[in-house]
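Visitor: I would like to go through this structure by question and answer. Please show it, and then we can begin.

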Amino acid sequence: MTPRTLVMGVVNVTPDSFSDGGQWFEQDVAIAHGRHLLAQGADILDIGGESTRPGAERVSLAEELQRVVPVVEALAAAGAVISVDTMRAEVASASLGAGATFINDVSGGLADPQMVPLVAAGDFTYVVSHWRGHSDVMAEHATYGDVVGEVVGELRGRLAAILAAGVDPERVIIDPGLGFAKDGADNWRLLAHLDALTALGHRVLIGASRKRFLGQLLDDAGAESLPVFRDRATAAVTALVAAHGVWGVRVHEVAGSVDAVRVAQALRSAENEP
Ligand SMILES: Nc1nc2ncc(COP(=O)(O)O)nc2c(=O)[nH]1
């Protein structure tokens, strides 16, 4: 049976992330929050210093470095496995020097031409997400004829470029980039066709946590739908994609997804019994 799905806990050191903007902006608070997520069972912490919400303006390199590196240092020193959510090679390089072992690039290397050479020169794990943004601003929205086919095809193109640069395929994880230039229907279709993603031959990371399409689902049902009320729906997505065998989920509220992974594992082992 494939190993259990890993839970990546989100530490957004930003004043404006859509889901928890500003809560963990202060350095000591961010570090304490990372420790809290570890205590809740996070396998990996994903530390980000730049909001990726649609239409967000870029923060300066200096600002992103100042936000991220001290938090990486402190949490790596505490023994955590650290991923850094950045589109910049310079932030990635500094974060690796501070103890990160994953770089999570929502642009899949498109936002900074120096990123793929950095990946090729290193030995860290690189998360490649599907993205249709521009280097200076997050993508607002795209229209798809066949969102699954187009996302898979564009990820295949990114993988070809990354592997052509000499990166060991084992180091690369893919992510469909839910919510990045995609609407609710796009996101549900991608979740309904995970096989098409896994067919690319790489580990798959899913980032549905607290996203707008979950809020819309709850809103349509007349339920509370603000980002902080989406954690139960997020855990439900975790259970479903973990039952499918995805490598990892990127979530803000860790405990619920840790339990959801346990449920999925129990189901999968029962399915494998004779
Ligand atoms: N790999 C990956 N990284 C991400 N980083 C940020 C966000 C946006 O959510 P946030 O601003 O609440 O962190 N989503 C993803 C995602 O879906 N996948």
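**Salt bridges, barrel and burial**

Guide: The model is a predicted one. Arg132, at 26% relative accessibility, counts as partly exposed.

Visitor: Which residue does Arg132 meet in a salt bridge?
Guide: Arg132 sits in the loop between β5 (125-129) and α5 (147-164), and its partner sits in helix α5, so the pair ties together parts that are 22 residues apart in sequence. The partner is partly exposed, with a relative accessibility of 29%. The N to O distance is 2.5 Å, and the partner is Glu154.

Visitor: Which residues are joined into one network by salt bridges that share partners?
Guide: One of the bridges runs from Arg58 to Glu50, with the closest N and O atoms 2.6 Å apart. Glu50 counts as buried, because its relative accessibility of 7% falls under the 20% limit. Through shared partners the network comprises Glu50, Arg58, Glu64 and Arg88.

Visitor: How many residues apart in sequence are the parts that Arg250 and Asp46 tie together?
Guide: A search of the whole structure gives 11 salt bridges. Arg250 forms a salt bridge with Asp46, the closest N and O atoms being 2.7 Å apart, and both residues are buried. Since Arg250 lies in strand β8 (residues 248-251) and Asp46 in strand β2 (residues 44-48), the separation in sequence is 204 residues.

Visitor: In what order do the eight strands close into a barrel?
Guide: Strands of a sheet pair through backbone hydrogen bonds, either parallel or antiparallel. In this barrel the pairing is parallel, and the order is β1-β2-β3-β4-β5-β6-β7-β8.

Visitor: By how many degrees are neighbouring strands of this sheet turned against each other on average?
Guide: The sheet is the barrel of eight strands with parallel pairing. Ignoring direction, the average turn between neighbouring strands is 25 degrees.

Visitor: Which residue in β4 stands opposite Val84?
Guide: Strand β3 (residues 82-85) and strand β4 (residues 102-105) run parallel and are joined by three bridges. Opposite Val84 in β4 stands Ile103.

Visitor: What phi does Arg210 have?
Guide: Most residues other than glycine have a negative phi. Ala181, in the loop between β6 (172-175) and α6, has a positive phi of about 55 degrees although it is not a glycine. Arg210 is found in the loop between β7 (203-206) and α8 and is buried, with a relative accessible area of 9%. Its phi is also positive, at about 60 degrees.

Visitor: Is Leu191 buried or exposed?
Guide: Leu191 lies in helix α6 (residues 184-192). Neighbours within four places in sequence aside, its contacts are Leu178, Ile206, Phe213, Val237 and Val241. Because its relative accessibility is 15% and the limit is 20%, Leu191 counts as buried.

Visitor: Which residues make a nonpolar surface patch of about 270 Å²?
Guide: One member lies in the loop between α8 (212-220) and α9 (231-243), namely Leu226. Leu226 is exposed, with a relative accessible area of 52%. The patch is made by Leu226, Val228 and Phe229.

Visitor: What relative accessible area does Ser257 have?
Guide: Ser257 is found in helix α10 (residues 254-272). Apart from neighbours within four places in sequence, Ser257 is in contact with Val7, Thr234, Ala235, Thr238 and Val251. Ser257 is buried, with a relative accessible area of 1%.

Key:
Residues numbered from 1 in each chain as written. Predicted model: local features only at pLDDT ≥ 70, side-chain atom pairs only at ≥ 80, totals over all residues. Heavy atoms only, no water. Helix = DSSP H or I, 4+ residues; strand = E, 2+ residues; numbered from the N terminus. Buried < 20%, exposed > 50% of the residue type's maximum accessible area, 1.4 Å probe, protein only. Contact = heavy atoms within 4.5 Å. Patch = residues over 30% accessible without salt bridge, like charges linked within 9 Å, V, L, I, M, F, W, Y side chains within 5 Å. Areas by Shrake-Rupley, 256 points an atom, 1.4 Å probe, with all protein chains shown as cover. Salt bridge = Lys/Arg side-chain N within 4 Å of Asp/Glu carboxyl O. Pairing = 2+ DSSP bridges. Axes fitted to C-alpha atoms, helices over the stretch in contact; angles between N-to-C directions.
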